[in-house]
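Colleague: Could you take me through this model, starting with its strand pairing and then turning to its helices?

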Amino acid sequence: MEKLRRLGTLRFVNACSSLGIGLAGFGTVGSGVWNTLERNGELITGRTGGCVQLHIAKILVRDPAKARANIGEVPAAMFTTDWRALVADPAVHIVVELIGGTTDAFEIVAAALRAKKPVVTGNKALLAERGVELFALSKETNTPIHFEAAVAGGIPIIRTVQDSFIGNRILSFSGIINGTSNYILGRMTDAGLTFEAALAEAQALGYAEADPALDVNGWDAAHKAILLATLAYGFPIDPASIHVSGIEQVRPTDIHFAKSLGYVVKLLAVIREHPDRSVEIRVQPSFIAKSNILASVHGVFNAVAVHGDAAGESLFYGRGAGQDPTASSVVADLVEAGRALGNASGHRGFLPYRENGHVLPVRETSTAYYVRFDVTDRPGVIAEIAKILAEHRIGISGTHSPVNPANPDAEFVDMVFLLHTCPFGKLQDALAEVEKLDCINSEPVVFRIESLG
Ligand code: NAP
Ligand code: HSE
């Protein structure tokens, strides 16, 4: 029966018929997909030997009357606000989810899989938070979910890990995988913009999430890190088990101080397998040496360094967000989905291959650190902090209190400590004591100092 049903679907979308796309979401990325198919549709058909012809059959939006810039004429009849109608439409063979979020998006993807319609999505939050359910459904229905656009925008990193690194044990990934944060840090560094002004620019350029808090609090990068780690290590990762902090606390002081020491500040994702097979996964603002290749990743660009036991180090670099680069990845997935439909090759996508795995608790991860304290400046402050650090056997490699030339006798100042490598848990314990000192005015700000291979 199942076989007959599948054959029925295949007859309907035989190898060289045009495949209808149900495009859920017509914002930055959705309209980029429309434009890319308008521009390069024939090229794609030619390159696939005539066998993948794609056309958009239906478009889901919240507001069909909304004015949409940089888009040719779209027939009004194509728009719907009813996702069920889009998924059920017999003219829709592949469903593209680009609305974002984890509620309606979940329903759309689940309904498409149940209808045996392959799904293409760029929604990392959805897959990182609810991927276990969706990929189980994908397996059960033998219907793939493609998600190249979910990690690092236009960089084809998902397919690379899935296919090109299949023969490697992945020792680590380290990377800059949030374009908005990288753009903001760059504008603060190079143009002296405030955090707010730089974020507004990133939003206007279409880089930021609908909820930009996810970009700046580190969770967008964390969702991507979860997807990469799950692909590489094969077990479902609970978002609560990983350590995430964002760039909201980065101040010009930190950027300038990093610069003076030969570092740059980047929001870095680190995923590393340890000899006991536990996996370290964390996203944090980090000092990285100016000489490291990741230091020269500017603007909206992303870079992912992959270390495979056979391939060694490889670096993947490109635009990590924005309309056209992201649409490029969505369209590549559409072609893959179309090929699979035409050739009846069944399931393709991510499947966890082991049930259990172990995320290394963040307290057991070790690096050197930069810690900024907001202190009431009085004699003995440095000694008081240093005493507690020494009691916890944490070495200090430097300390500094930048003087504000406009107010050299300020009562409240930033005091910066550079600390030797130690487990993060040890640092947390020491800082909990330091915070109790009456000279400390707020929670200390901690950045990692990464020594990348
Ligand atoms: P966006 O510009 O905010 O567009 C969202 C679109 O979805 C809009 O067309 C909106 O309709 C529609 N929509 C939202 N909620 C809906 C609902 N409940 N029902 C019906 N339609 C709904 O978002 P985007 O930047 O294109 O991002 C889309 C997805 O791609 C997200 O998952 C994001 O994480 C991911 N992504 C984005 C980028 C990027 O650079 N922007 C890069 C990689 C991945 P209206 O037009 O009527 O408002
Ligand atoms: N908001 C995301 C970023 C979009 O800035 O990287 C790409 O996933």
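Modeller: Eight-residue strand β11 (residues 301-308) is a good place to begin, since 8 bridges join β11 to strand β12 (residues 312-319), and the two run antiparallel. Strands and helices here are DSSP runs (E, at least two residues, for strands; H or I, at least four, for helices), numbered from the N terminus, and two strands pair if DSSP finds at least two bridges between them. This is a predicted model, in which local features need pLDDT of at least 70 and side-chain atom pairs count only at pLDDT 80 or more, while totals for chains, interfaces and linings use all residues. Residues are numbered from 1 along each chain as its sequence is written, and side-chain values use heavy atoms, with hydrogens and water left out.

Colleague: Which residue of β12 is the bridge partner of Val306?

Modeller: A hairpin joins β11 to β12 through 3 residues, and the two strands run antiparallel. Within that pairing, the bridge partner of Val306 in β12 is Ser314.

Colleague: How many bridges join strand β7 to β11?

Modeller: Of the 8 residues of β11, 6 are buried (under 20% relative accessible area, with exposed being over 50% and partly exposed in between, for a 1.4 Å probe and protein chains only), so β11 is largely enclosed by the rest of the structure. Strand β7 (residues 170-176) runs antiparallel to β11, and Ser172 has His307 as its bridge partner there. The number of bridges joining β7 to β11 is 6.

Colleague: Why do the buried residues of helix α13 lie on the same side?

Modeller: In α13 (residues 381-391), the buried residues are Val381, Ile385, Ile388 and Leu389. They lie on the same side of α13 because the arc they cover around the axis, taken from the directions from the helix axis to the C-beta atoms, is only 100°.

Colleague: Is Val335 buried or exposed?

Modeller: Val335 is found in helix α12 (residues 323-343), and its contacts (heavy atoms within 4.5 Å), not counting residues up to four places away in sequence, are with Ile44, Thr48, Val52 and Leu54. Its relative accessible area is 11%, so Val335 counts as buried.

Colleague: Which residue's backbone oxygen lies 3.0 Å from a polar atom of the Thr48 side chain?

Modeller: Thr48 is found in the loop between α2 (28-47) and β2 (53-60), and at 13% relative accessibility Thr48 counts as buried. Leaving aside neighbours within four places in sequence, Thr48 is in contact with Val335 and Arg339. The backbone oxygen lying 3.0 Å from a polar atom of its side chain is that of Thr45.

Methods
Chains are lettered from A and ligands numbered from 1 in the order in which they are written. A polar contact is a pair of N or O atoms within 3.5 Å; within protein, one must be able to donate a hydrogen and the other to accept it, and residues adjacent in sequence count only if both atoms are side-chain atoms.
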